[in-house]
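I sat down with a new structure today and kept notes as I went. Here is what I looked up, entry by entry.

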Amino acid sequence: MTDTGVLEEAATGRTAAGQDTRKRQQILDGARRLFLSKGFDASSMGDIAQEAGVSKGTLYVYFDSKERLFHELVSLEKAAQYPAIFGLDADDHDVRAVLTRLGRQFVRFITKTHVVMATRTVIAIGERMPEIAVEFYEQGPRQCAGRLSEYLAPQVAAGILDIDDVYLAAAQFLDLAQSTIKLPILFGSPDRPSEARMDAVVDSAVNVFMAAYEVRPGSD
């Protein structure tokens, strides 16, 4: 669709400018391919338009900057992945098993190439576009800890765990689960942890968490 076509649709009431979901997805798909192959910094809006098969004018109808386009890609990825990782059943009282499964899925997600690239990009643009960095934090680390805390609270009520601050405990577990894993990858260390190493770190995180918070028989 040409830029004129977009304006005509808006005038005739068919599809308002910037509201064609297929065109929007076409742009997002093109940007995703380009960011992964070329990197965020090296990709211009012109490059994105060419990769997506749209005019530069059409691209700007949907996104006013590549930073905003990038932010939407990250938001969509999290919305797609988080329910599978953090869709926890409050009635499942096998806390050790739940944390082990969650921890392993979580660590594998945050170490995916495109997720690491997204984190690096947010850090790079955070100073000039702090609102994107804040949204990344709110939709990422804060939301993850919040969702896990929603599972932990019923376990405290059931007398399985003894935790004063469930949000803090959730954040502690997620930090432990990625300890020695995320930072080496984020900073480009050639020694990428193996999956076996990731599992061992998560298992250790579960052990530390349960040692700190599990209610043991006979304890007051």
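**Entry 1: How far to trust it**

I started with confidence, since this is a predicted model. The protein chain has a mean pLDDT of 88, and 91% of its residues reach 70 or more. Then I went looking for the weak spot: over residues 4-14 the pLDDT is below 50. That stretch still has 12 contacts in the model beyond its near neighbours in sequence. Note to self: where pLDDT is low, the predicted coordinates should not be read in detail.

**Entry 2: The overall picture**

How many helices and strands are there in the protein chain? I found 11 helices and 0 strands. Reading from the N terminus, every element I wrote down was an α.

Next I checked the dimensions. Along the principal axes, the C-alpha atoms fill a box of roughly 75 × 45 × 30 Å. The radius of gyration is 21 Å, while a compact globule of 220 residues would have one near 17 Å.

I also looked at surface and inside. The chain exposes about 11500 Å², and carbon and sulfur atoms supply 53% of that area. Buried residues make up 41% of the 220. Among contacts with a separation of 6 or more, 67% are between residues 24 or more positions apart.

**Entry 3: One face of α3**

I picked helix α3, residues 45-52, and asked which of its residues are buried. My list reads M45, I48, A49 and A52. Why do they line one face of the helix? Seen down the axis of α3, the buried residues fall within an arc of 100°, so they sit on one face. The general rule helped me here: an α-helix has 3.6 residues a turn, so residues three or four places apart point the same way.

What covers those buried residues? The cover includes α2 (21-38), α4 (56-62) and α5 (66-86). Just after α3 I came across G53, which takes a positive phi of about 75°.

**Entry 4: The cores**

The largest nonpolar core has 37 residues, and L148 and F209 touch the most other members. The elements giving two or more residues to this core are α5, α6 (95-110), α7 (113-125), α8 (130-157), α9 (166-177), α10 (182-186) and α11 (195-213).

I followed F209 a bit further. Leaving out residues up to four places away in sequence, F209 touches L99, L152, L161, I163, A169, F173 and E214. There is also a second, separate core of 25 residues, and F40, V74, V122 and I125 are among them.

**Entry 5: A look at S149**

My last stop was S149, which is found in helix α8. Is S149 buried or exposed? Its relative accessibility is 10%, so S149 counts as buried, the cut-off being under 20%.

Who does S149 touch? Not counting residues up to four places away in sequence, S149 touches V166, Y167 and A170. I checked the Y167 pair: S149 and Y167 are 18 residues apart along the chain, yet their C-alpha atoms are separated by 5.0 Å.

Key:
Residues numbered from 1 in each chain as written. Predicted model: local features only at pLDDT ≥ 70, side-chain atom pairs only at ≥ 80, totals over all residues. Heavy atoms only, no water. pLDDT = per-residue confidence, 0-100. Contact = heavy atoms within 4.5 Å. Buried < 20%, exposed > 50% of the residue type's maximum accessible area, 1.4 Å probe, protein only. Helix = DSSP H or I, 4+ residues; strand = E, 2+ residues; numbered from the N terminus. Arc of directions from axis to C-beta. Rg over C-alpha atoms; globule rule 2.2 N^0.38 Å. Areas by Shrake-Rupley, 256 points an atom, 1.4 Å probe, with all protein chains shown as cover. Core = buried A, V, L, I, M, F, W, Y, C linked by side-chain atoms within 4.5 Å.
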